[in-house]
Amino acid sequence: MKIVVGEWFWMPQVGGDVFKKLVKDAGLKYDKSNGFQATPETDMRLVAALLQSALKEDVEVMLKCFICGAPVECEECRYNDACGSTKTFQSCICKDCETKEVSAIYSMRFTELVG
Amino acid sequence: MWVEKYRPANPNTMIGNEETRLNFIKWLKNWSRKSRPALLLGPPGVGKTTLVHATAKNLGFEVLELNASDVRTKSKLEERLGPLRLHTTLFEEKLLIFLDEVDGIYGRQDRGGIEFLQDLIKSSRIPVVMVANVEDDKKIVKLAKSSQVFRFQRVPPKLLEMVIKSILGREGLTLDQGTLEMIVRDANGDVRAAVNSAQVAASGTGEIVSEIRDTQITLVEALKIFFDSSSSREAYLALSSCKAQPRDKIRAIFQSIMSSGVEGEKLVKVLGELSKADELVAEIGRTQNYRLLRYFDQILANSVFNALQGADVRYGEESLPWNLQLRIWNERRQLGYISSSLAKPHHVSSRDAALIYLPYIALLSRSKNYEVKVRNKLRLDESTVKVLRKEVQRISREVAKG
C-alpha cells in the first residue's frame with residue numbers, strides 16, 4: 001500500500017479499534033467523502049505500523065515534490081536509505097526539479113503559497 | 001558562524017516543514033485576541049526559533065523574548081510579562097511574547113512558572129509564541145491543550161543538501177559529493193548541525209561532527225576523554241556530552257593544563273585560546289545572546305585541541321599548590337569586599353568600583369594619611385589593608401611601566 005503525504009486516500013476495512021488508533025493516536029485525518037489524509041500532525045511511523053499489522057502488507061510512505069507536486073520516486077534517490085520507509089517529512093524535491101536554481105525556485109514556490 | 005550569517009531573515013527563504021511554516025505565518029497574520037497562543041513543537045535545529053523571529057520581523061512585530069537561560073519562575077515571569085497581560089504598548093507597536101524552550105519552565109512542584117504561563121495565555125492581549133523540543137513532557141501536554149500546536153519534523157536530506165550547496169556557493173567554496181552526503185546523513189534532519197559540519201569541513205580545521213548527542217557524562221569523565229582524544233571530533237563529542245556550565249569547562253581545562261606542566265609557546269597559545277573562549281562566554285552574558293552558547297563546545301574543542309597538539313595533558317584538579325590557591329582566593333575575596341564597600345556610596349556596581357574606582361583609591365593610598373582615611377571609612381581590618389597595599393604596589397609597578 002502506498003500513502004502520499006498530503007493526499008487523500010482510501011484503505012480497506014481495518015476494524016474499529018485500528019481506525020480509532022489511526023485517527024486519535026496517529027493523527028490521521030478522516031473525512032467521510034474524501035477518505036484519509038496524512039498531515040504534518042500525523043505520526044507516520046505509527047500509521048505505517050498499524051496498517052502493516054492490520055493489512056499484513058508493506059506500507060510505503062511517499063512524499064510530494066514541493067515544487068511540482070508530483071510524488072517523489074524514492075528508489076532512485078541517493079538518500080533513500082537515510083530516510084527509511086516511513087518518511088517523517090512534509091515534502092521533498094523530485095529528481096526533475098533538482099536543477100541548479102532549485103534553492104531559488106523552492107523559495108519562490110513558498111512565497112507563492114504565502115500569497 | 002555560518003548558521004548565524006545565513007540565518008534566514010524571511011520565513012519564505014527557510015527550508016522544510018512547509019505546511020507548518022505556512023500555517024504559522026497565517027496564524028500570526030490573522031492573530032486576534034480570540035486566537036489561542038502558538039506552541040511550536042519539534043526536534044532541535046529545524047528552524048522553530050528562526051521561524052518565529054523571521055515571521056515577526058516580516059509582519060512588523062517587536063519580539064519580547066525569554067529564553068531558557070533566563071530564570072523563569074513565576075515571580076520572574078510575572079515581573080517581565082505581567083504588565084503586558086492587560087496593556088499594549090504606549091505607541092501601539094505590535095508586540096509578540098516569545099518563550100523559547102518552554103520545556104525548561106518550572107512547574108507547580110517548584111516555582112509555579114507553568115501555572116503563570118497558562119494564566120498569561122488566557123489573558124494576554126498580544127500574541128504569545130512558545131517553543132519546545134519535547135512533547136511527551138507533562139508540562140508541554142498541559143500547554144498544548146490550551147494552545148494551537150504547530151508540529152515540526154526533521155528536514156529531508158535533499159533539502160539539507162540544497163541549503164549547504166547554496167551557502168557554499170555564496171562563500172565561493174566547494175565540497176566533494178561524498179563529504180556533502182556524509183554531512184547530510186550525519187545531520188539527521190538538523191539544519192543547524194548540517195551547516196556547522198559543512199563549515200568545519202569547508203574550512204578544513206577539523207572533522208565533521210553531529211550536534212545531536214543523547215548521552216550525558218560528568219565533567220571529569222568528559223575531560224578524561226577530551227585529553228585522550230585523537231581528533232577534534234572526539235574532543236567535541238566529549239565536551240558536548242557533558243552538561244556542565246561553559247565557565248566550569250574552561251576552568252577545568254585550565255587546571256588540567258596547568259597541572260600537566262605544559263610550557264613555553266604551547267602554553268601561551270593554549271591559554272590564549274582559553275581566554276578567547278572565556279571572552280566569548282562573557283560577551284554572551286553581556287549581550288544576553290544565549291543562542292550562541294550552542295556553538296561554545298565546538299569552538300572550545302577545536303581551538304584547544306589544535307593548540308594542544310603534541311602536548312601530554314591529563315585531567316587534573318590541582319593546578320597550583322593549595323596554599324597559593326588559598327591566598328589567591330582570599331585576596332580576591334578581600335578585594336571584592338573593598339569594591340562592594342566603595343560601590344555603595346558612589347552608587348555604582350561592584351564591578352565598576354573594582355575596575356574604575358579601586359585603582360585610583362589604591363594609588364592615593366600610597367599616602368599614609370589617605371590610607372588611614374580609607375581604612376576608617378571602609379572599616380578595613382589589618383589583613384584587608386595588607387591586600388590593599390599589595391594592590392598599591394602592583395598598580396604602581398604598572399604605572400611605572402607606562
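Which residue stands opposite A:Asp31 in β4(A)? The partner is A:Gly35. This pair is a good place to start a tour of the structure, which is a predicted model.

**A sheet in chain A**

A:Asp31 and A:Gly35 face each other across two neighbouring strands. β3(A) and strand β4 (residues 35–37) of chain A are joined by three bridges and run antiparallel. Together with β2 of chain A they make an open sheet of three strands, in the order β2-β4-β3, with antiparallel pairing. At the edges of this sheet are β2 (8–9) and β3 (29–31) of chain A, each of which pairs on one side only. Strands of a sheet pair through backbone hydrogen bonds, and this can happen in a parallel or an antiparallel way.

**The heart of chain B**

Turning to chain B, you will find 18 helices and five strands there. Of the 402 residues in this chain, 33% are buried. Many contacts link parts that are distant in sequence: among the contacts in chain B with a separation of 6 or more, 74% join residues 24 or more positions apart.

Strand β4 (residues 128–132) of chain B deserves a careful look. Five of its five residues are buried, so the strand is largely enclosed by the rest of the structure. In a regular strand the side chains alternate between the two faces of the sheet. In β4(B), B:Val128, B:Met130 and B:Ala132 lie on one side, B:Val129 and B:Val131 lie on the other, and both faces are covered.

Which strands pair with β4(B) in parallel? The table shows two of them, with one facing residue pair for each.

| Strand of chain B | Bridges to β4(B) | Direction | Facing pair |
|---|---|---|---|
| β1 (residues 38–41) | four bridges | parallel | B:Leu41 and B:Ala132 |
| β3 (residues 95–99) | three bridges | parallel | B:Phe98 and B:Val129 |

**Nonpolar cores**

B:Met130 of β4(B) appears again in the largest nonpolar core, which has 74 residues. Along with A:Val47, B:Leu160 and B:Ala194, B:Met130 touches the most other members of this core. Helix α9 (residues 191–203) of chain B supplies the largest share, seven residues. Leaving aside neighbours within four places in sequence, B:Ala194 is in contact with B:Leu160, B:Ile164, B:Ile183, B:Val184 and B:Ala187. Apart from this core lies another one of 24 residues, including B:Ala238, B:Ile250, B:Ala252 and B:Leu308.

**Where the chains meet**

How many residues take part in the contact between the two chains? On one side there are 21 residues of chain A, and on the other 20 residues of chain B. Within chain A, the elements that give two or more residues to this side are α3 (80–83) and α4 (102–114). The most come from α4(A), with eight residues. Sorted by class, the side of chain A that touches chain B holds 13 nonpolar, six polar and two charged residues.

**A kink and two positive phi angles**

Helix α16 (residues 350–364) of chain B has a kink of about 45° at B:Tyr357, shortly before the proline B:Pro359. The buried residues of this helix are B:Ala353, B:Leu358, B:Ile361 and B:Ala362.

Two residues have a positive phi although neither is a glycine. For A:Lys56 the value is about 55°, and for B:Asn17 it is near 50°. A:Lys56 lies in the loop between α2 (44–55) and β5 (60–62) of chain A, while B:Asn17 lies in the loop between α1 (2–5) and α2 of chain B. Is each of them buried or exposed? A:Lys56 is exposed, because it has 7 other C-beta atoms within 10 Å. B:Asn17 is buried, because it has 28 other C-beta atoms within 10 Å.

**How confident is the prediction?**

The model scores ipTM 0.86 and pTM 0.61. Chain B averages a pLDDT of 80, and 84% of the residues score at least 70. Among the elements of chain B, helix α2 (residues 18–29) has the highest mean pLDDT, 94, and helix α4 (residues 74–86) the lowest, 63. Over residues 206–215 of chain B the pLDDT is below 50, yet beyond near neighbours in sequence this stretch has 33 contacts in the model. Where pLDDT is low, the predicted coordinates should not be read in detail.

Conventions. Residues are numbered from 1 along each chain as its sequence is written. Chains are lettered from A and ligands numbered from 1 in the order in which they are written. Two residues are in contact if their C-beta atoms, placed from the backbone, lie within 7 Å. Ala, Val, Leu, Ile, Met, Phe, Trp, Tyr, Cys and Pro count as nonpolar, Asp, Glu, Lys and Arg as charged, and the others, Gly among them, as polar. A residue is buried if 20 or more other C-beta atoms lie within 10 Å of its own, exposed if 12 or fewer, and partly exposed in between; C-beta atoms are placed from the backbone. The bend at a residue is the angle between axes fitted to the seven residues ending there and the seven starting there. pLDDT is the predictor's confidence in each residue, from 0 to 100. Two strands pair if DSSP finds at least two bridges between them. A nonpolar core is a set of buried Ala, Val, Leu, Ile, Met, Phe, Trp, Tyr and Cys residues joined through C-beta atoms within 7 Å.
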